Amino acid sequence: MRNTCIPFIFTTLIVTAITACSSDDSSSSETATTEESDNDTVTELHAAFSAFNTEATTIYLDGSNVVIETTGLPDHETVYWGVGNSLYLEEPDVATTPSIMSSNNNAVTITVDATPDLTGKTVDTELNTIGIAVSGASIFNDQEGAGDLDQAAASLDWTGGHIGPGVYHYHLEPKAFTDDDDSLAGILLDGVFLYGRKCYSTGTYPTDLDESGGHTSVTQYTDGEAEYHYHIINELYSTTGSYIAFAGPFQGY
Ligand SMILES: [Zn+2]
Ligand SMILES: [Zn+2]
């Protein structure tokens, strides 16, 4: 019975608020912001983007989105650069695919939400680029072609990457820039940042991760604010002797 009063009280409060603030411009714009929070224009790039390889990437805001354009060419050594390149690394144990980076088009552009939608809805990852690493190269999931990663494990270089064909990409912990630490690995298509196996907030392996390897805590780029982010999950992946970069699902779409 008491519930029947609520609409009346609610309406009264709104009318009172509007009346009280009718001469106050800042209050009315606050009301509009609350109602359209999805359309907020972000005015500053997230501090974590300062970690990205500026040789490869161009990153800018476009309304409420962040656009990341990359040549896809990483700033570290790998056998996939091909003999003669200054970043070529001899890796005799890697069963290389025929492609080399310098003869492939590795360029990718992704557009992500500057403010991920953490509604609890999840979206599976798909083949192809699922994110851009700080090196500028692509991040892929735990699948290769139509199957799991085991069949391609022999072709992965020292930093968990290969050319499959298509763009050069990482499936595993990219040791060139995060090796059992809390460094930023990259950003995924849902706008959520991916960090190494350890968390800045505790200095060790987080124990409160969800199914995607995500949790909410401070990072080295959030100025003391807690923020949802993913970690590379600290579980060895079968034949590779390393850790899957990200197997999903996305939490931020
Ligand atoms: Zn692959
Ligand atoms: Zn963390």
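The legends below describe close-up views of a predicted model.

**View 1. Zinc ion (ligand 1) and its donor residues**. The zinc ion (ligand 1) is coordinated at 2.0 to 2.1 Å by OE of Glu144 and by NE2 of His162, His169 and His171. Along the sequence, these donor residues follow the spacing E-x17-H-x6-H-x1-H. Angles among the four donor atoms run from 87 to 160°, and the site is irregular. An upper value of 160° lies outside the tetrahedral range of 85 to 135 degrees, so the site does not count as tetrahedral. Two of the donor residues are buried: His169 has a relative accessible area of 1%, and His171 has one of 0%.

**View 2. Aromatic pair of Phe49 and Phe52**. The structure holds 10 aromatic pairs. One of them joins Phe49 and Phe52, with ring centres 5.5 Å apart and planes at 40°, a tilted arrangement. Phe49 is buried at 9% relative accessibility, and Phe52 is buried at 4%.

**View 3. Aromatic pair of Tyr170 and Phe177**. The rings of Tyr170 and Phe177 meet edge-to-face, with 80° between the planes and 5.5 Å from centre to centre. Tyr170 is buried, with a relative accessible area of 0%. Phe177 has a relative accessible area of 17% and counts as buried because the cut-off is under 20%.

**View 4. Aromatic cluster of Tyr228, Tyr230, Phe246, Phe250 and Tyr253**. These five residues form one cluster of aromatic side chains.

**View 5. Arg197 over the ring of Tyr243**. Arg197 lies over the face of Tyr243, at 3.6 Å from the ring centre.

Definitions and conventions
Residues are numbered from 1 along each chain as its sequence is written. Chains are lettered from A and ligands numbered from 1 in the order in which they are written. This is a predicted model: local features need pLDDT of at least 70, side-chain atom pairs count only at pLDDT 80 or more; totals for chains, interfaces and linings use all residues. Side-chain values use heavy atoms; hydrogens and water are left out. Donors are N, O and S atoms within 2.8 Å of the metal (3.2 Å for Na, K and Ca); water is not among the atoms, so sites may look incomplete. Four donors count as tetrahedral if all angles lie between 85 and 135 degrees; four count as square planar and six as octahedral if opposite donors are over 155 degrees apart and all others between 65 and 115; anything else is irregular. Buried means under 20% relative accessible area, exposed over 50%, partly exposed in between (1.4 Å probe, protein chains only). Rings of Phe, Tyr and Trp (its six-membered ring) pair if their centres lie within 6.5 Å; planes under 30 degrees apart count as stacked, over 60 as edge-to-face and the rest as tilted. A charge sits over a ring if NZ of Lys or CZ of Arg is within 6 Å of the ring centre and within 35 degrees of the ring normal.
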